[in-house]
Amino acid sequence: MLMLRCPNCGVTADETELAPGGEAHIARAATGSDDAAFEAYMFGRENPKGVHFERWRHAMGCGKWFHAARCTVTMQVFGTYPAQTLSPPDDLLEKIDAARPGWRWRDLGAGHRHTHDHHDEER
Amino acid sequence: MSDLRRAHGYVELAEVAPGGMVLLRAAPDTDGLAEAVAGVGGELPGRLRISSGDVQVAWMAPDELLILTPDAHGATVELGRLLEGRHHLALDVSDLRARFTLRGARVREVLAKLAPVDMAPAAMPPGAFRRTRLAQIPAALWLSGETTAHAICFRSVADYAFATLATVSREGGEIGLF
């Protein structure tokens, strides 16, 4: 059972109180983008075995959206953070670094912030 | 307040007339918000709390309050006056919801059967207000004492809420929690 703390109301909500909102931090392809960019925006989604960033809505609670970082393998929740942001907060990224050295997710994680860690695997 | 329907299980369940309800949406740092709530006889509740008194104010979300008052129309007009010029919404939603009361020593257990909420006395003391679900529908719960609980849900699902609460509170269904 997944339990996430809603950063809006502070309730630690059971998964059944929440509505999933898919992948987090998807930037809309701007007007004038080429077909490949639109395709990536509309259909390109991560399906990681490990660290993942998602949008959730506290649908049966305060009704508000928020972001969550969790591990898809162990269901460990690294943290939740407000919806009004374009990227995860630094302290959360550091927490994930400590828990999953070498993790990567899109342009976040070891591959980009530490140049020689890219051989590290999730497991 | 007359009961609309009752069920006599191991707690006493009643659907009661919902009374007046006013929705007030405003950013929590809105200038004069506490004074406006006081102006309609209420008291600004803390996070996840419901204030007590003749006019009760429930914390629904960071920018949303639900005011339970006998005079919903008057309170709506007064809030509009007190918060004039500041971004807010005051709306009479008295017809929107149904309200239930549960009385008995085991009200915590009955609600715990339906809601994914820690109903232990330490986690959910009287005065705590929790929006959650009752089985499959959104609802909000609070206790006004150790043996009295209240629930509100949308009127459209009131039949479901009553039937579900009545079912889980039938005699013989006692678990012995809390």
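**Exercise 1.** Determine which residue of domain 2 of chain B pairs with B:Arg131 in a salt bridge, and place this pair within the interface of the two domains.

*Solution.* Step 1: in this predicted model, B:Arg131 forms a salt bridge with B:Glu64, their closest N and O atoms lying 3.8 Å apart. The distance meets the criterion because a salt bridge requires a side-chain nitrogen of Lys or Arg within 4 Å of a carboxyl oxygen of Asp or Glu.

Step 2: domain 1 of chain B comprises 3–17 + 96–168, and domain 2 comprises 20–92. Across their interface the rule finds one salt bridge, along with three residue pairs in polar contact. Strand S7 (97–103) and S8 of chain B each supply at least two residues of the domain 1 side.

Step 3: the two domains of chain B bury about 970 Å² between them, with 60% of it on carbon and sulfur atoms. On the domain 1 side, B:Arg97, B:Phe129 and B:Arg131 lose the most area, together 53% of what that side buries.

**Exercise 2.** Describe the interface of chain B and chain A, from its extent to its salt bridges.

*Solution.* Step 1: 17 residues of chain B are in contact with 12 residues of chain A. The two chains bury about 1,000 Å² between them, 54% of it on carbon and sulfur atoms.

Step 2: the rule finds two salt bridges across this interface. B:Arg130 forms a salt bridge with A:Glu17, the closest N and O atoms being 2.8 Å apart.

Step 3: strands S4 (56–61), S8 (129–134) and S9 (137–145) of chain B each supply at least two residues of the side touching chain A. S8(B) gives the most, with four residues. By class, this side of chain B has nine nonpolar, two polar and six charged residues.

Conventions:
Residues are numbered from 1 along each chain as its sequence is written. Chains are lettered from A and ligands numbered from 1 in the order in which they are written. This is a predicted model: local features need pLDDT of at least 70, side-chain atom pairs count only at pLDDT 80 or more; totals for chains, interfaces and linings use all residues. Side-chain values use heavy atoms; hydrogens and water are left out. Contact means heavy atoms within 4.5 Å. Buried area is the accessible area (1.4 Å probe) that two parts lose on being put together, summed over both. Ala, Val, Leu, Ile, Met, Phe, Trp, Tyr, Cys and Pro count as nonpolar, Asp, Glu, Lys and Arg as charged, and the others, Gly among them, as polar. Domain bounds come from an automatic or database domain assignment. A polar contact is a pair of N or O atoms within 3.5 Å; within protein, one must be able to donate a hydrogen and the other to accept it, and residues adjacent in sequence count only if both atoms are side-chain atoms.
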